[in-house]
Every structure is written in structure tokens, then in C-alpha cells.
Amino acid sequence: MGSAGKGPIRTAVVGFGISGRVFHAPLIEADPSFSLDVIVTADPERAATAAARYPHARIVPTAEAMFALAADLDLVVLGTPPATHFGMASRAIAHKLHVVVDKPFVTTSAQGQELLALASDAGVQLTVFQNRRWDSDFLTLSKLLHEGALGEVRTFESRFEWWRPEGFGNWRDSATAAEGGGILHDLGAHLIDQAVQLFGPVARSYGETAHRGLSPEAADTEAFVSLLHDSGVRSRLWMNGMAAKAGPRFHVLGSLAGYTKWGLDGQEPALDAGLPPSDPTYGAEPQESWGLLGVDGRSTAVPAERGAYPQFYRLLAGALLHGGPVPVDPSDAVDVLKVIEEVHALA
């Protein structure tokens, strides 16, 4: 790996849609522990964009072309549709390459468990890009909980909603649930993961899904999930891409106070607009978007923690170069998939 295992970590990003273009490539490019050596995309327009932005990277059209360069790589990042993840991650592991897989990881929990076993046997690191563990609002709420500012939390409401009746304009509009499609796989993977990180393992779950999309064969476009945690906290999670009016991002009720936060974390649109993670304004939440803590009639705005998506790759570098833990334990992603499978089975 690099010079005697000290970096840079030679990296290939597979896919240059929203995931590769907006998240992975900018975050990898900004981290001196990594080098962005290969970008895989078959789309000529995306290839031209990638070549212009990352002139030191090789742009290749297929995963086969990337795997032909495996001897000169250390890490493969999969920013492709979920149905491709198991096959490509398996191949990367067989080439003794470390792997980052976009959430929801793979299409089934059984596939996830198989990948964990393959990575362990091969002695390579495997992790899942659960970037929303480093959202500004999530970090702020985590701090409040650690400080005991809400007292004993009783209910946690979390929403990811927006108004996009025309759909995403990509594979998400037509993918079936069996292909890892649908809003429960796409956004539920984030919201369930956040709830488990905050309040611990799930004892029982149930949910509802609905399809109101443009393609009759596609998976759910709206979902609700209720989780009862072993801790006794009840999480209620909503996902909807056709919400003409969005509800609060977080609404948390405890024995001493509540916390309500509106609006989505700003890191994705900032990266999409080309703001580098090194910019001093990156991840800063404007004061007018801060959440409110207190009781009705007596609430105060809580200064937001800075959003920190670059932390994922900092932690990954620590794992690959110095033997630290991976940023996201892939078994966490398997547990999330089990909840999604339970909801789909009952919905």
C-alpha cells in the first residue's frame, strides 16, 4: 500500500453519478492519505467531467478495466446501484483490495453476512458509507444526548422528506425492492442506522410502505418505520420524496426537554456546488437553521456542530494505515438490512 504501507492509499471510485461525483471523489481528493487513481464510468459526459476535475486519475469505462489495474490499487469504493454491490465487492475482496460500499450495503442481509466472511478470510477491510453519521444535526443531537440535556428520551422522530414528484432521474426511479431499490432501502438505511446509533439495538420493528412513483414496477416511494429499542426508546421514522410539506428533521421528546430541528444537512449541496471540504465554511450550519431545545414557551436555539463527512475517510485512513477501527462496522449495515427486510415482509 503506497510506500511501505504508509500511504497514499491508492483508490478507485466505481461510478460517477451522485455518489461518486458529489461525495466520494471530492472527499478522497481532499484527504492527503489517499490518492484518487481510477474512476470508473461508462457515460461519456460523466467521463469528461471526471477527467477535467481529476486530471491525475485514469478514467476507465468498466469494472473489468479497473480490476485489470488491481495490482496498482489498495481500495475500491463502490458508488454504483445496490444490485451491483455484492458482485463487485466480492471481486475486489478476491483481488485483496479493501472496499467501501455505499449504503444500503447489499440487497439482502444474507449477502452482507457473506461479504463480511469473505473480507475476514481475505484479511481486507470492508466498510459502508453511512455518511449521515456525520451530519451536523445528528452530531448536535448526539452531543445533547451525551450531555443529558433532554433527560430520559422517550420518543425520537426522524424524517427525510422533500418534494420531487418527477422522481430522481436515475436508477432509483425504476429499481425494484429485490434490486435494493425503494426509499426504504435508500433513505431508510440512513434513518434506521442513525436511530440505532443513538438509542441502541432494536427489539421490535414494523412499518408501512407505499408506491406512488412513475414506474409501476419500481419499489416504494414512501415509507414509515417504527422501532422499539432495547433501551425502551421508541423511534418513528418517515421517508418521502413526494412531500409537498416536509415535517421536522428531528423531533425528540425527553423527561426534561424536547429538541426540534428543521431542514436537511447542507454538506451534500455544498459538495455538489463544488465547495471543497477544506473550505472554512464547509459543514457550518447557519444560525437560522439551528434546532430548538426546551419546553413549549421556553426554548433556546442550540449551536449546531459542524458537519463532518471528511471524518469518514480520516477514520478509514486510520484503519488502513494504522490498524484502527473502520469508520462504520459493516455488521451494523447488516442489522439495518434485517430491519428493512422485516418491514418489507410485514408491509
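Here a colleague and a modeller chat through a predicted model.

Colleague: Let's start with the sheet of eight strands: which strands stand at its edges?
Modeller: This is a predicted model, so keep that in mind as we go. The eight strands form an open sheet with mixed pairing, in the order E8-E9-E10-E7-E11-E12-E13-E14. An edge strand has a single partner, so one side of it is left without a neighbour in the sheet. That description fits E8 (202-210) and E14 (298-301).

Colleague: How much does the twist average from one strand to the next?
Modeller: Picture going along the order E8-E9-E10-E7-E11-E12-E13-E14. From one strand to the next, the twist averages 10°.

Colleague: In E11, which residue is the bridge partner of Phe156?
Modeller: Look at strand E7 (residues 153-161) and strand E11 (residues 250-254), which run antiparallel and are joined by five bridges. For Phe156, the bridge partner in E11 is Val252.

Colleague: Which helix lies across E8 and strand E9?
Modeller: Strand E9 covers 222-229, and the helix lying across E8 and E9 runs at about 50° to E8. Its residues are 330-346, and its name is H11.

Colleague: Now strand E5: how many of its residues are buried?
Modeller: Side chains in a regular strand alternate between the two faces of the sheet. In E5, His98, Val100 and Asp102 are on one side, Val99 and Val101 are on the other, and all are buried. For strand E5 (residues 98-102), then, the count is five of five.

Colleague: Which residue of E6 does Val100 stand opposite?
Modeller: E5 pairs in the parallel sense with strand E6 (residues 126-129), over four bridges. Helix H5 (residues 109-122) goes with them to make a right-handed β-α-β unit. Opposite Val100, in E6, stands Thr127.

Colleague: And which helix makes a right-handed β-α-β unit with E4 and E5?
Modeller: Strand E4 (residues 75-78) pairs with E5 in the parallel sense, also over four bridges. Val76, for one, stands opposite Val99 in E5. The helix that makes the right-handed unit with E4 and E5 covers residues 85-94, and that's H4.

Colleague: Where is the cis peptide bond that leads to Pro104?
Modeller: Most peptide bonds are trans. Pro104 is found in the loop between E5 and H5. The cis bond, with omega near 10°, runs from Lys103 to Pro104.

Colleague: Is Phe105 buried or exposed?
Modeller: Phe105 lies in the loop between E5 and H5, and its phi is positive, about 85°, although it isn't a glycine. Its contacts beyond four places in sequence include Leu115, Leu126, Val128 and Leu337. Buried means under 20% relative accessible area. Phe105 has 0% relative accessibility, so it counts as buried.

Colleague: What about Lys96, buried or exposed?
Modeller: Lys96 sits in the loop between H4 and E5. Its phi is positive too, near 65°. The cut-off for exposed is over 50%. With a relative accessible area of 54%, Lys96 is exposed.

Colleague: Last one: which helix gives the largest share of the largest nonpolar core?
Modeller: That core has 62 residues, and Met66, Phe105 and Tyr313 touch the most other members. The largest share, six residues, comes from the helix of residues 310-322, which is H10.

Methods. Residues numbered from 1 in each chain as written. Predicted model: local features only at pLDDT ≥ 70, side-chain atom pairs only at ≥ 80, totals over all residues. Heavy atoms only, no water. Pairing = 2+ DSSP bridges. Helix = DSSP H or I, 4+ residues; strand = E, 2+ residues; numbered from the N terminus. Axes fitted to C-alpha atoms, helices over the stretch in contact; angles between N-to-C directions. Contact = heavy atoms within 4.5 Å. Buried < 20%, exposed > 50% of the residue type's maximum accessible area, 1.4 Å probe, protein only. Right-handed = clockwise from strand over helix to strand, strands pointing away. Core = buried A, V, L, I, M, F, W, Y, C linked by side-chain atoms within 4.5 Å.
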